[in-house]
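Okay, thanks for coming, everyone. Let me put the structure up and walk you through it.

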Amino acid sequence: MKAVLILSGGVDSTTLLYKMLDNGYEVDALTFNYAQRHKKEIDCAREVAARLHVTHVIIDLCCLGLLLGDSALLGGKDVPSCHYTEEAARKTIVPNRNMIMLAVAAGYAEAHEIPEIFYAAHKNDATIYPDCRAEFVEALRPAIRLATAWHPVELQAPFVDLTKAEIVKMGLELKVPYELTWSCYKGEEKPCRSCPTCIEREEAFLINGSRDPLIEP
Ligand SMILES: [Zn+2]
């Protein structure tokens with residue numbers, strides 16, 4: 001079984017990579033450089049892929065940084081220091097990011113005759129980002145199937161009904177090396193512990209009675 005995975009280098013997609021390998025998939029991992037402020041996640045994806053000996057392709061979409069507005073993730077607005085709120089979400093959204101990445105992944109999959117593409121959208125993201133919602137997945141799935149008629153490609157989003165805490169629970173069981181993952185939007189040397197994704201990540205570990213290995217005791 002071959003499949004393509006969009007691997008950001010964060011908690012969710014790294015857990016999904018481990019889950020897919022555990023399920024017997026042979027994975028081609030795609031990581032996108034879209035001029036994100038937290039480029040550190042790309043290095044994390046590279047390191048995890050190398051450790052697992054999976055094919056890893058880094059795709060340069062830096063031009064998106066100029067096209068997609070002033071998201072905090074692209075170095076425009078300041079990264080908010082708070083929980084995910086409506087306002088924080090608006091600052092950190094990169095418009096249509098997942099749709100763009102999935103379109104490229106579907107093309108890659110068809111070119112390599114790989115029948116499935118995976119991404120790690122989950123329930124927490126769904127409340128914030130439209131292209132992480134189940135209805136988006138359900139709408140895009142037939143479109144990708146229609147667009148890849150010679151070697152049909154199926155879109156899979158197996159975490160769409162899971163919370164981040166449930167994903168971390170799965171990852172802890174799979175012994176995912178979370179010290180090799182990166183989430184913080186600020187992309188500095190250490191997690192800031194105050195941006196929305198840092199707060200969400202730390203909470204997900206706490207709910208599991210565990211500790212984020214990136215946080216020093
Ligand atoms: Zn942070």
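So, a question to start: leaving aside its neighbours within four places in sequence, which residues is Val 4 in contact with? This is a predicted model, by the way. Here's the list: Asp 28, Leu 30, Ala 105, Tyr 108, Ala 109, Ile 114, Ile 117 and Phe 118.

Okay, let's zoom out to the core. The largest nonpolar core has 51 residues, and Val 4 is among the four that touch the most other members, along with Leu 5, Ala 105 and Ile 117. Quite a few elements give two or more residues to this core: on the strand side, strand 1 (2-6), strand 2 (26-33) and strand 4 (116-118). On the helix side you've got helix 1 (11-22), helix 2 (40-52), helix 5 (97-111), helix 8 (164-173) and helix 9 (196-207). Helix 5 gives the largest share, 5 residues. As general background, nonpolar side chains tend to be buried together in soluble globular proteins.

Now the sheet. It's an open one, built from 5 strands in the order 3-2-1-4-5, and the pairing is parallel. At the edges sit strand 3 (55-60) and strand 5 (154-156), each pairing on one side only. From one strand to the next, the twist averages 25°.

Let's look at one of those pairings. Strand 1 and strand 4 run parallel and are joined by 2 bridges. Leu 5, one of those core residues from before, stands opposite Phe 118 in strand 4.

Last thing: helix 2 packs on the sheet, where it touches strand 2 and strand 3. The direction of helix 2 makes about 165° with that of strand 2. That's my tour, thanks!

Conventions: Residues are numbered from 1 along each chain as its sequence is written. This is a predicted model: local features need pLDDT of at least 70, side-chain atom pairs count only at pLDDT 80 or more; totals for chains, interfaces and linings use all residues. A nonpolar core is a set of buried Ala, Val, Leu, Ile, Met, Phe, Trp, Tyr and Cys residues joined through C-beta atoms within 7 Å. A residue is buried if 20 or more other C-beta atoms lie within 10 Å of its own, exposed if 12 or fewer, and partly exposed in between; C-beta atoms are placed from the backbone. Helices (H or I, at least four residues) and strands (E, at least two) are DSSP runs, numbered from the N terminus. Two residues are in contact if their C-beta atoms, placed from the backbone, lie within 7 Å. Two strands pair if DSSP finds at least two bridges between them. Axes are lines fitted to C-alpha atoms, for helices over the stretch in contact, and angles run from 0 to 180 degrees between N-to-C directions.
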